[in-house]
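Me: I should like a close look at a single part of the structure shown below. Please give the answer as one connected account.

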Amino acid sequence: MKTSDIDEQLWHALQLGDWKAFETIYNRYIKLLYKEISKRIDDKAVVEDLIQDIFLSLWNKREAIQIQGDIYPYLYGMAINRVLNYYRSTRLQPKFVELWDDLPEHMADLTELSLAFRQAHTQELESLLEVAIKSLPNRMRQVYKLRYEKELSVPQIAKQLSTSPNTVHNQLKTIRKRFLKTIRQSSYIFF
């Protein structure tokens, strides 16, 4: 049986809450993750904390995460995401080229790796945007919801809020700037 077939079976069982499947995935990939994170972070305690966080997140979000095929590219994406968060929180500048140069050769061209990064980062991005939306002043939050959730045009929003289209346009511009600032301050990377 191929690794991807075994991983798919394990993942399906894990999504149903099978603790043994989780243990198998943990035992199967912990050494690889430890090795990859250790290449980038020298502090053994930090590496162990990051690995624990990865597997805790995997268990807690198992029903929402969609993995097809091999599990390792997704775990690797989570690991790199944690490393980048660590760099950001400690004000270290990550060497992005080294992250890619150190990729195992058999993974360098996998489209699944890109998918894994996108899935891991999508969860972070959604959380960031949720926080950014909640931090908007009430009027801007209304403009955001009318434009992006109800998909109203600028003139429709202006009419509904009894304001000028120019004011709505300026608020949308400010909202976009705030969102971009929030994303730039995170470890979110567009691949």
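In which helix do E23 and K20 both lie, and how many residues apart are they?

Reply: E23 and K20 both belong to helix α2, at a spacing of 3 residues, or about one turn of the helix. The model is predicted, so local features need pLDDT of at least 70 and side-chain atom pairs count only at pLDDT 80 or more, whereas totals for chains, interfaces and linings use all residues. Residues are numbered from 1 along each chain as its sequence is written, and side-chain values use heavy atoms, with hydrogens and water left out.

The pair of E23 and K20 is a salt bridge in which the closest N and O atoms are 4.0 Å apart; the term requires a side-chain nitrogen of Lys or Arg within 4 Å of a carboxyl oxygen of Asp or Glu. In general terms, side chains of opposite charge can pair when their charged atoms come close. E23 is partly exposed, at 33% relative accessibility, while K20 is exposed, at 59%. These words follow fixed limits: buried is under 20% relative accessible area, exposed is over 50%, and partly exposed lies in between, with a 1.4 Å probe and protein chains only.

The structure holds 5 salt bridges. Among them is the bridge between the side chains of E36 and K39, at 3.3 Å from N to O. E36 also forms a salt bridge with R40, where the closest N and O atoms are 3.2 Å apart. E36, K39 and R40 are thereby linked in a network of salt bridges. E36 is buried, with a relative accessible area of 6%, and R40 is likewise buried, at 11%. K39, by contrast, is partly exposed, at 40%.

Helix α2 spans residues 19–38 and contains F22, which links to W59 of helix α3 (residues 44–60) at a distance of 37 residues along the chain. Helices here are DSSP runs of H or I with at least four residues, and strands are runs of E with at least two, numbered from the N terminus. A pair of aromatic rings is described by the distance of the centres and the angle of the planes. For F22 and W59 the ring centres are 5.4 Å apart and the planes stand at 70°, so the pair is edge-to-face. Rings of Phe, Tyr and Trp (its six-membered ring) count as a pair if their centres lie within 6.5 Å; planes under 30 degrees apart are stacked, those over 60 are edge-to-face and the rest are tilted. F22 is buried, at 8% relative accessibility, and W59 also counts as buried, at 18%.

A search of the whole structure gives 7 aromatic pairs. Ring pairs join W19, F22, Y26, F55 and W59 into a cluster. R62 lies over the face of W59, 3.9 Å from the ring centre; such a placement needs NZ of Lys or CZ of Arg within 6 Å of the ring centre and within 35 degrees of the ring normal.

K61 sits in the loop between α3 and α4 and is partly exposed, at 38% relative accessibility. The C-alpha atoms of K61 and Q15 are 8.8 Å apart, although the two residues are 46 residues apart along the chain.

Beyond that loop, helix α4 (residues 72–89) contains R82, which is buried, with a relative accessible area of 12%. Leaving aside its neighbours within four places in sequence, R82 is in contact (heavy atoms within 4.5 Å) with L50, D53, I54 and S57.

As to the setting of this part, the protein chain has 9 helices and 0 strands. Buried residues make up 42% of its 191 residues. Of the contacts in the chain with a separation of 6 or more, 66% join residues 24 or more positions apart.
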